[in-house]
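Trainee: I would like to go through this model with you, one point at a time. Where should we begin?

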Amino acid sequence: MRIDHIALWTDDLDRCVRFYAEHFGAEAGPLYRNPAKGFASRFLSFAGGARIEAMSTTALRPEPAAPGAQRMGWTHVAMAVGSEAQVDALTARLREAGHPVLDGPRRTGDGYYESVVLDPDGNRIEITA
């Protein structure tokens, strides 16, 4: 068994796709629309096989959370970039591009080398070596 994908709501599908493609090398799949349900999505595929489904809706009102909020349930996605130098470089690029860096890069108590950043929708991303 394996996790096929995770999904996230966004209020700007194009912005979300651009962020993950530009900074994490995601390949965006075709746009899917269901006008009857006010739904649109695109799958973002990563080199290791993981995928994120970025979704938008006009029919529902997903409850917004404060950017980076810690709440019960899913709290972050961890993206392994391969080395500590790559964690440092990507974190610096994201900071320079104006994306919030909440923590790190640093070595954690459980042995990871990581930083924590926010995507444009305020979702936490751990960038790990």
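Mentor: With a term: contact means heavy atoms within 4.5 Å. Keep in mind that this is a predicted model.

Trainee: Which residues does Y20 touch, not counting residues up to four places away in sequence?

Mentor: Y20 sits in helix α1, which covers residues 13-24. Neighbours up to four places away in sequence are left out of the list. The residues that Y20 touches are L8, G25, A26, L44, F46, I52, D119 and I125.

Trainee: Is Y20 buried or exposed?

Mentor: The cut-off for buried is under 20% relative accessible area. Y20 has a relative accessible area of 1%, so Y20 is buried.

Trainee: How are the rings of Y20 and F24 arranged: stacked, edge-to-face or tilted?

Mentor: A search of the whole structure finds five aromatic pairs. In the pair of Y20 and F24, the ring centres are 5.9 Å apart. Planes under 30 degrees apart count as stacked and over 60 as edge-to-face. The planes here are at 35 degrees, so the pair is tilted.

Trainee: How many residues apart are Y20 and F24 in helix α1?

Mentor: Both residues, Y20 and F24, are buried. About one helical turn separates Y20 and F24 in helix α1, because their spacing is four residues.

Trainee: Which residues do ring pairs link into a cluster?

Mentor: Rings pair if their centres lie within 6.5 Å. Links of this kind make a cluster of W9, Y32 and F39.

Trainee: How far apart in space are Y20 and V77, C-alpha to C-alpha?

Mentor: In sequence, Y20 and V77 are 57 residues apart. In space, C-alpha to C-alpha, the value for Y20 and V77 is 12 Å.

Trainee: What pattern does the protein chain follow, read along the sequence?

Mentor: The protein chain has two helices and nine strands. Put in sequence order, these elements give β-α-β-β-β-β-β-α-β-β-β.

Trainee: What radius of gyration does the protein chain have?

Mentor: The C-alpha trace spans about 50 × 35 × 30 Å along its principal axes. For 129 residues, a compact globule would have a radius of gyration near 14 Å. The value for the protein chain agrees with that, at 15 Å.

Trainee: What percentage of the residues in the protein chain is buried?

Mentor: The accessible surface of the protein chain comes to about 8,200 Å², and carbon and sulfur atoms hold 53% of that surface. Of the 129 residues, the buried share is 34%.

Trainee: How far apart do the centres of the positive and negative side chains lie?

Mentor: The protein chain carries 14 positive and 17 negative side chains. Taking a centre for each set, the two lie apart by 4 Å.

Trainee: Where is V87, and which residues is V87 in contact with beyond four places in sequence?

Mentor: V87 has a relative accessible area of 0% and is therefore buried. Its place is in helix α2. Leaving aside neighbours within four places in sequence, V87 is in contact with V81, P105, Y113, E114, S115, I127, T128 and A129.

Trainee: Which residue does a cis peptide bond join to G104?

Mentor: Most peptide bonds are trans. Here omega is about 5 degrees, and the bond is cis. The residue joined to G104 lies in strand β7. That residue is P105.

Trainee: Is H99 buried or exposed?

Mentor: H99 lies in the loop between α2 (84-96) and β7 (101-107). Its contacts, not counting residues up to four places away in sequence, include F19, H23 and L118. Its relative accessibility is 17%, so H99 counts as buried.

Trainee: What does P100 count as, by relative accessibility?

Mentor: P100 is also in the loop between α2 and β7. Beyond four places in sequence, P100 is in contact with V116, V117 and L118. Relative accessibility is 37% for P100, so the class is partly exposed.

Trainee: What separates the C-alpha atoms of T108 and L94?

Mentor: T108 is found in the loop between β7 and β8 (113-118), and counts as buried at 10% relative accessibility. Along the chain, T108 and L94 are 14 residues apart. Their C-alpha atoms are separated by 20 Å.

Note on methods: Residues numbered from 1 in each chain as written. Predicted model: local features only at pLDDT ≥ 70, side-chain atom pairs only at ≥ 80, totals over all residues. Heavy atoms only, no water. Rg over C-alpha atoms; globule rule 2.2 N^0.38 Å. Buried < 20%, exposed > 50% of the residue type's maximum accessible area, 1.4 Å probe, protein only. Areas by Shrake-Rupley, 256 points an atom, 1.4 Å probe, with all protein chains shown as cover. Lys, Arg positive; Asp, Glu negative; His and termini not counted. Charge placed at Lys NZ, Arg CZ, Asp CG, Glu CD. Phe/Tyr/Trp six-rings, centres within 6.5 Å; stacked < 30°, edge-to-face > 60°.
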